[in-house]
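Thank you all for making the time this morning. I would like to walk through one small set of contacts with you, and then step back to the fold around them.

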Amino acid sequence: MSDLEKLVRRRMQEEYAKGTSAEEIAKVVRDLFNSIDLSGNRFDAVAVRAARNHE
């Protein structure tokens, strides 16, 4: 499992544990993917920064 997959899975679990609706969880995941720059080699690091910024 890649770092990106782990990040997405963890974020989804955190939101679910807080009682977040499915629609809101989908929005969090969508925002996470929209903030990733796939043009570089280090997109997992960008995803981690994006997740921290979203909280």
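Let me begin with Arg10, which at 43% relative accessibility counts as partly exposed. Please keep in mind throughout that what you see is a predicted model. Arg10 forms a salt bridge with Glu14, and the closest N and O atoms of that pair are 3.4 Å apart. Glu14, for its part, has a relative accessibility of 30%, so it too counts as partly exposed. Both Arg10 and Glu14 belong to helix 1, which covers residues 3-17, and they sit four residues apart in it, or about one turn of the helix. As a reminder, an α-helix has 3.6 residues a turn, so residues three or four places apart point the same way.

That spacing comes back in the next pair. Arg11 forms a salt bridge with Glu15, with 3.1 Å between the closest N and O atoms, and these two residues, again in helix 1, are four residues apart, about one turn of the helix. Are Arg11 and Glu15 buried or exposed? Both Arg11 and Glu15 turn out to be buried, and for Glu15 the relative accessibility is 8%, which is under the 20% cut-off and therefore counts as buried.

Which residue, then, forms a further salt bridge with Glu15? The partner is Lys18, and here the closest N and O atoms are 3.3 Å apart. Lys18 counts as exposed because its relative accessibility is 61%, whereas Glu15 is buried. Taken together, Arg11, Glu15 and Lys18 are linked in a network of salt bridges. For the record, a search of the whole structure finds four salt bridges, and I have described three of them here, namely Arg10 with Glu14, Arg11 with Glu15, and Lys18 with Glu15.

I would stay with Glu15 a moment longer, since it leads us out of helix 1. If we leave aside its neighbours within four places in sequence, Glu15 is in contact with Thr20, Ile25 and Val28. Two of these, Ile25 and Val28, are among the buried residues of helix 2, together with Val29 and Leu32. Those four residues cover an arc of only 95 degrees around the axis, which means that they lie on the same side of helix 2. On the face turned away from that buried side, helix 2 carries the exposed residues Glu23 and Asn34.

As for the dimensions of helix 2, it runs over residues 22-34, a total of 13 residues, and it reaches 18 Å from its first C-alpha to its last, which is close to the 18 Å expected at 1.5 Å a residue.

Let me now step back to the whole chain. The protein has three helices and zero strands, and from the N terminus on its elements run α-α-α. Of its 55 residues, 25% are buried. The area that the protein exposes is about 4,200 Å², and carbon and sulfur atoms supply 50% of it. If we take the contacts between residues at least 6 apart in sequence, 47% of them join residues at least 24 apart.

To close, the point I would ask you to look at again on the screen is Glu15, a buried residue of helix 1 that takes part in a salt-bridge network with Arg11 and Lys18 and that is also in contact with Ile25 and Val28, among others.

Methods. Residues numbered from 1 in each chain as written. Predicted model: local features only at pLDDT ≥ 70, side-chain atom pairs only at ≥ 80, totals over all residues. Heavy atoms only, no water. Expected span 1.5 Å × (residues − 1). Buried < 20%, exposed > 50% of the residue type's maximum accessible area, 1.4 Å probe, protein only. Arc of directions from axis to C-beta. Contact = heavy atoms within 4.5 Å. Areas by Shrake-Rupley, 256 points an atom, 1.4 Å probe, with all protein chains shown as cover. Salt bridge = Lys/Arg side-chain N within 4 Å of Asp/Glu carboxyl O.
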